[in-house]
Amino acid sequence: MTSRFLQLFVMAIAILFFNSCAKKDQDYATMIIHGGTIYTVDSTQTTVEAVAVKNNTILFAGSMAEAESFKNDQTELLDLEGKTMTPGLIEGHGHFMGLGYNELRLDLLETTSYQEIIDAVAERVKTAKPGEWITGRGWHQSKWDSMPKELVNGFQTHHRLSEVSPDNPVYLRHASGHAGFANAKAMEVAGLRVLSDEGIKSYKIEGGEVLVDEFGRPTGVFNERAQTLITSHIPENTPESDKQAFDLAIKACYKNGITSFHDAGIGRETIALYDDMKANDKMNIRMYAMLTGWDKELLNEWYEKGINVDPDHRFTIRSVKLNCDGALGSRGAWLLEPYSDRPDHFGHETLPMEFVKETSLSGLQNGFQVCSHAIGDRANREILDRYEAALTELSKKGTDHRFRIEHAQHLHPEDIPRFAELKVIPAMQAVHMSSDRPWAIDRLGEKRIKEGAYMWQDLLQSGVPIVNGTDVPVEPINPIASFYASVSRKTLQGMPEGGYEPEQKMTREQALKSYTLDAAYGAFEEEIKGSIHPGKLADFTIYNQDLMTVDENQILDTEIVMTIFDGKVVYQKTE
């Protein structure tokens, strides 16, 4: 054998050895998932037989035969055993710490009468310390199956609540978060003269309302910004309770197949908490956080500092949340025409519109997405006007700004095409339709409901994506309920037959995309998650049945049986 031939032979062996080592080092999968229906939300291949994952990244999605080539002795094989898998679900608009604290405090989401609230408070009084505040959230008078005899503007009064808790101040937030209910002790602590001859009419709160009876005495209901009269006296959360609530929120997300969360408005304390969780490897969810617009100083600090896109994809801040009107249930949504069931009332502008314009300009100049809460048709129009003015002033029309309107629940028909024209994303929580539609017609009347409420299909057909979610803790975080509402437009009790305004239903494909790829797009993250595609993050949700094909009346029977986050199984349902 010549020396030249020997050299070539040695080189060939070395190349084969190097490639073999490289294959072992780079291409083997830590996990291969197979044995069920896998929906990718990827237009190139909508379903696959298997997914190969290396650590926290998807290596391959396709046939099982091809996936086998990524297997070695250390690869874990996860057999779905006929179950269904999708990309990890994204909660597109919620309040993370509110979710956690709902686990710690009185959870009133399932209450169906004033009496149930009284009973829940009376039970808590038994174990409360003297003078200790009792707080909770979740009541909604329009969802009760019976109403108390004494009502003011459609709301209950505090008297019976005050009777069961004479010594403990009580404050219970409305499910929407846009109103609250206090007992006499809470109003006394706040310095409000409940039995004053001159009543409470002198208490004026811009962007809010204190409901009073015929004698001018407070009923206990505080709407919108008037809530601060009470809430400013409630002791602040402790670092210990914050951490406890944070952990409970993580667990609730996993249990519901949620791997990413758009946190709709956080302040300094929550930012510090999340930074601490991230530093201690406890930010085990993908958090896309919006800075609260209530703190102008905070916004200015971040404008100067710039956006923070986390390379670890755990805690990103690149958006601002503005609260521009109230909720429909508390008649705080800002309308173009008065409420059908309160003809002297148009709702509330809870944030000056000039600040929306100012924030839009600052966002465009500093790279921050602006996300504005708007439920009523006037609020939506006013915000679209301010967005358009800012985009025009800075010659930014047509750019990839991805400004959002959160909720976009009730729109004037003329404003529906403006979302696509301005490239504004509607972040809409489909489950609100199921919960609100039966009584929303009383607030808006049939014409406004049919022409402009929950206009999902019209918006989708105009060319904009929809970001779905639940607005937890306004609604339970359960994504199956929101998926069902999206495709059926029925209440969670299955009414009415055919659904409300059925022409606005989403298809199942649209609904799944609104919880995955479109939600990722709403956070500038569609390149790293939202579909099952090589190179994206290994976050998956696994269900007990195929929610894309089961009969509509069986969708609500769908259960999350496993959640995979960052390539690891973090939740598994026990029998």
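This report describes a pocket, a helix and a buried aspartate in a predicted model.

The second largest pocket has a volume of about 620 Å³, and its lining is made up of 24 residues, among which Leu109, Lys143, Ser435, Leu492 and Gln493 lie nearest the centre of the pocket. Helix 14, spanning residues 430-452, supplies the largest share of this lining, namely five residues. By character, the lining of the second largest pocket divides as shown in the table.

| Class of lining residue, second largest pocket | Number of residues |
|---|---|
| Nonpolar | 10 residues |
| Polar | 11 residues |
| Charged | three residues |

Helix 4, which covers residues 114-125, consists of 12 residues and reaches 17 Å from its first C-alpha to its last, a span close to the 16 Å expected at 1.5 Å a residue. Within helix 4, the residues Tyr114, Ile117, Ile118 and Val121 are buried. Viewed down the axis of helix 4, its buried residues fall within an arc of 100°, so they line one face of the helix. The elements that cover the buried residues of helix 4 include strand 7 (106-107), strand 8 (134-139), strand 10 (155-156), helix 5 (159-164), strand 11 (170-174) and strand 12 (179-182).

Asp518 is found in helix 18, which comprises residues 517-521. Asp518 counts as buried because its relative accessibility is 11%, and buried means under 20%. When its neighbours within four places in sequence are left aside, Asp518 is in contact with Pro465, Ile466, Val467 and Lys513.

Methods. Residues are numbered from 1 along each chain as its sequence is written. This is a predicted model: local features need pLDDT of at least 70, side-chain atom pairs count only at pLDDT 80 or more; totals for chains, interfaces and linings use all residues. Side-chain values use heavy atoms; hydrogens and water are left out. On a 1 Å grid over the protein atoms alone, a cavity is a set of points where a 1.4 Å probe fits but cannot get out, and a pocket is an open set with protein on both sides within 12 Å along at least five of seven lines; lining residues have an atom within 4 Å of a point. Grid points are joined across faces, edges and corners, and a volume is the space filled by probe spheres set on the points. Helices (H or I, at least four residues) and strands (E, at least two) are DSSP runs, numbered from the N terminus. Ala, Val, Leu, Ile, Met, Phe, Trp, Tyr, Cys and Pro count as nonpolar, Asp, Glu, Lys and Arg as charged, and the others, Gly among them, as polar. The expected span of a helix is 1.5 Å times one less than its number of residues. Buried means under 20% relative accessible area, exposed over 50%, partly exposed in between (1.4 Å probe, protein chains only). The arc is that of the directions from the helix axis to the C-beta atoms. Contact means heavy atoms within 4.5 Å.
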